[in-house]
Structure formats: structure tokens, C-alpha cells
Amino acid sequence: MWQGERGCSLKLLPRSGDWALPVAELFTLLVARFGFQHDSARNQLEHLTSLWRSHVATVADQAQAGTSGGEMEKELLQKALHS
């Protein structure tokens, strides 16, 4: 999941190598220390990865559009409020 699989169409997450081990250790700790179920911890890890991918895509879209995050968020908010 962190480094991508051969033939996988998903792009690698930026700096994933720096975060793979600490995040895996965190979710292992949740299972060991607090008794989280393995499937629950795996689902939360997948959710975190999904949020990260979404954030990376949003930042990339903003960079390509030449706008900062704050400007784009204000524009989207205005559109939502006036529709």
C-alpha cells in the first residue's frame, strides 16, 4: 500500500517511505495496547491513506490551477452558498 504494487495504477504517495513504518507501528500499537480488532485497525489505516491521497490530489489540483488553498476554498464556499 505504501510503496505501490507493480502494475498498480495508483501513484505513490509523497514521502511515503518516511511515514510507512511509524504509521504501521501506530496501528499495531492500537491493536496491542487498546485491544482494537485487526480488521478495525486495517480499515482505519485504509481510511487514513485515502484521506492522504485525497489531500495530495487537492494540493496538486490547486498548484496546477495556480491558486492557493485559501483562495480555492473561499471560491468553493461562495459557490456553495450562492447555489
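Which six residues make up the largest nonpolar core? The close-ups below come from a predicted model.

**View 1. The largest nonpolar core and the helices that build it.** The answer is Val-23, Phe-27, Leu-30, Val-31, Ala-41 and Leu-45. Two helices each chip in at least two residues here: α1, running 16-34, and α2, running 38-65. Of the contributors, α1 gives the most, with four residues.

**View 2. α1 from end to end.** This helix has 19 residues, and from its first C-alpha to its last it reaches 26 Å. That sits close to the 27 Å you'd expect at 1.5 Å a residue.

**View 3. The buried side of α1.** Tucked away here are Ser-16, Ala-20, Val-23, Phe-27, Leu-30 and Val-31. Look down the axis of α1 and its buried residues fall within an arc of 105°, so they line one face of the helix. As for what covers these buried residues of α1, α2 is included.

**View 4. The other face of α1.** Turned away from the buried side of α1, this face carries the exposed residues Leu-21, Thr-28, Ala-32 and Arg-33.

**View 5. Leu-30 and the residues just after α1.** Leu-30 is one of the buried residues of α1 and also belongs to the largest nonpolar core. Setting aside its neighbours within four places in sequence, Leu-30 is in contact with Gly-35 and Phe-36. Gly-35 comes just after α1 and takes a positive phi of about 75°.

Notes:
Residues are numbered from 1 along each chain as its sequence is written. This is a predicted model: local features need pLDDT of at least 70, side-chain atom pairs count only at pLDDT 80 or more; totals for chains, interfaces and linings use all residues. Side-chain values use heavy atoms; hydrogens and water are left out. A nonpolar core is a set of buried Ala, Val, Leu, Ile, Met, Phe, Trp, Tyr and Cys residues joined through side-chain atoms within 4.5 Å. Buried means under 20% relative accessible area, exposed over 50%, partly exposed in between (1.4 Å probe, protein chains only). Contact means heavy atoms within 4.5 Å. The expected span of a helix is 1.5 Å times one less than its number of residues. The arc is that of the directions from the helix axis to the C-beta atoms.
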